[in-house]
Amino acid sequence: MADLSIDLAGIKSPNPFWLASAPPTNTGYQVQRAFEAGWGGAVWKTLGDPIINTSSRFAAVNFNGQRVAGFNNIELITDRPLDVNLKEIYETKKRFPNHAVVASLMVEPTQEKWHEIVKRVEDVGVDGLELNFGCPHGMAERGMGAASGQQPDLVEAQTYWVKEVATTPVIVKLTPNITDITVTARHAVKGGADAISLINTINSLAGVDIHSWNTIPHIGGKGAHGGYCGPAVKPIALNMVAECARHPEVTVPISGIGGISTWQDVVEFMLMGSTAIQVCTAAMHHGFRIVEEMIDGLNNYLDEKGLASVTELTGKSVSKYSNWGDLNLNYKVVARINEDNCINCNKCHIACEDTSHQCIDMLTNAEGKAILKVREEDCVGCNLCSIVCPAEGAIDMVEVDSGLPPMTWNERQRVVGSLSGSYSKAEVV
Amino acid sequence: MSAYDEFAKEKQEIDALLDQGYTVTGMLETLDGAKVKFGSGEPAKGSVELLLLTADARKYVTTLVFAGLQKAQ
């Protein structure tokens, strides 16, 4: 059995599975139950000036029979006094000394406010701090959360203020509601962050009730934007994690967050640069015990791969994530239909004919049976047919030799640039 | 005509010029395709220009030049 323990910038935990700062980590009762279930760490629901929440707060997006494909919330940070939370953090840490207890913090962007809360929280023995610069609703209107996190200079300054007094590692949690998350990540590093975590939730409106015309959710007939998370956001989060991981100036470890629901998701986030991961929506959907399956699955996977430690996964796919301009234009795959598995639903033909490159023909074979066949020379290898195909193993995308040496777009443009000189300006016009 | 056939036709024209001893001496990409100038060491032959429309032909011709440059290095 592999070693699942991790060390994120000095914060140690028995496994990489942490609960994210959110409703599941609101109280000591919940966090202790989570640790009993197997979670290796928890980021305590954000501490700050206690707020007042609305009723209702949550909404889900169901898609094609899958419940909670996406999840939307307008809940804010803790609504309990700091002292109450601190007592429970102290008790939790005492009971679970080897688990990671990280306090998420959010206060007004002033040096005094940050110094005050950091000192009080560290006094009860937390293993680290996570600065919440990401919450997109409610707190942002007061100049906190995403309002701070969208301004790189404020991210840097606030991180710096925290580092002035912090004695434990500082994680900066980043908002995805920004054009380029590596900018704020870099400023967090410049401010002295020991690690970053991403992503926080994405600005969202879960829906509109077409009968009442109310927003979903609504509070007495009115709604406001919330934060979107759950499986639907995973590709967005994974890209942002990867972009940070491959950026040369983002030199700190990453705690990956965003739609992680299975052990396979965990592996993907770790391969793309995460040292640890955080989960919220999946625990809210299925309960704390989903971590059992995650631990088993990850253990089996590591054994199958012959890896002694989960830390060996971190960052292994980062070098495979590149810029479009550096991809080989002469690499080629084509679709091949396996008649034995094809159910002749024609979805591939329709998809290709209507929305791709018209290269799947409907034919009749020698026995008079209807078959589908790809004209490989016309196939651009877009994958669409295999994506829409409902029959397992009916369409394979296979690599073929284009007969041409590798050449990227950037390399090609250099060639074109070197050849364009023979055309005069008059000819260009 | 299939996309491949359109490419094959343009590739044939490129290959034919190369077989006749021409080399790619200029290229200009425009909204209407790539103008490719082929020149020859023999003055009598002069230069020939093709307007390549297909993506695969535009890729093919630049790959040939790129590979040639790689080989020369």
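**Notebook: helix packing, rings and backbone in chains A and B**

I looked first at two helices of chain A and noted that H7(A) and H8(A) are roughly parallel to each other, a label given to angles under 35 degrees, while angles over 145 count as roughly antiparallel, 65 to 115 as roughly perpendicular and the rest as oblique. Before going on I recorded that this is a predicted model, in which local features need pLDDT of at least 70, side-chain atom pairs count only at pLDDT 80 or more, and totals for chains, interfaces and linings use all residues. I also noted that residues are numbered from 1 along each chain as its sequence is written, that chains are lettered from A and ligands numbered from 1 in the order in which they are written, and that side-chain values use heavy atoms, with hydrogens and water left out.

**Helix pairs**

The axes of H7(A) (residues 234-245) and H8(A) (residues 263-271) come within 9 Å and cross at roughly 25°; axes are lines fitted to C-alpha atoms, for helices over the stretch in contact, and angles run from 0 to 180 degrees between N-to-C directions. Helices (H or I, at least four residues) and strands (E, at least two) are DSSP runs, numbered from the N terminus. I listed the contact (heavy atoms within 4.5 Å) as Lys234(A), Ala237(A), Leu238(A) and Val241(A) of H7(A) with Asp265(A), Glu268(A) and Phe269(A) of H8(A). These residues divide into four nonpolar, no polar and three charged, where Ala, Val, Leu, Ile, Met, Phe, Trp, Tyr, Cys and Pro count as nonpolar, Asp, Glu, Lys and Arg as charged, and the others, Gly among them, as polar.

I then turned to a pair that spans the two chains: the axes of helix H13 (residues 409-419) of chain A and helix H2 (residues 55-72) of chain B come within 9 Å and cross at roughly 85°, which means that H13(A) is roughly perpendicular to H2(B). From H13(A) the contact takes in Glu411(A), Arg412(A), Val415(A), Val416(A) and Leu419(A), and from H2(B) Arg58(B), Lys59(B), Thr62(B), Val65(B), Phe66(B) and Leu69(B). I count them as six nonpolar, one polar and four charged.

**Aromatic rings**

My search of the whole structure gave seven aromatic pairs over all chains; rings of Phe, Tyr and Trp (its six-membered ring) pair if their centres lie within 6.5 Å, and planes under 30 degrees apart count as stacked, over 60 as edge-to-face and the rest as tilted. One of them is the edge-to-face pair of Trp114(A) and Phe133(A), 6.0 Å centre to centre with 85° between the planes. This pair links distant parts of the chain, 19 residues apart, with Trp114(A) in helix H3 (residues 111-122) and Phe133(A) in the loop between strand E8 (128-132) and helix H4 (146-149) of chain A. Trp114(A) is buried at a relative accessible area of 0%, and Phe133(A) is buried at 1%; buried means under 20% relative accessible area, exposed over 50%, and partly exposed in between (1.4 Å probe, protein chains only).

In chain B I found Tyr4(B) and Phe7(B) edge-to-face, 6.1 Å centre to centre and 65° between the planes. They are separated by about one helical turn because they lie three residues apart in helix H1 (residues 3-19) of chain B. Tyr4(B) is partly exposed at 35%, whereas Phe7(B) is buried at 12%, and both belong with Tyr60(B) to one aromatic cluster.

**Backbone entries**

I noted for reference that most residues other than glycine have a negative phi, and most peptide bonds are trans. Cis peptide bonds turned up between Leu198(A) and Ile199(A), with omega about 10°, and from Ile216(A) to Pro217(A), with omega near -5°. Ile199(A) falls in the loop between strand E10 (195-198) and strand E11 (202-204) of chain A.

Val68(A), which is not a glycine, has a positive phi of about 55°; it is in strand E6 (residues 66-73) of chain A and is buried at 14% relative accessibility. Trp213(A) also has a positive phi, near 65°, and lies in the loop between strand E12 (207-208) and strand E13 (215-216) of chain A, where I found it exposed at 72% relative accessibility.

**Chain A overall**

I closed with chain A as a whole, which has 14 helices and 20 strands and 429 residues, of which 52% count as buried. Its C-alpha atoms fill a box of roughly 80 × 60 × 55 Å along the principal axes.
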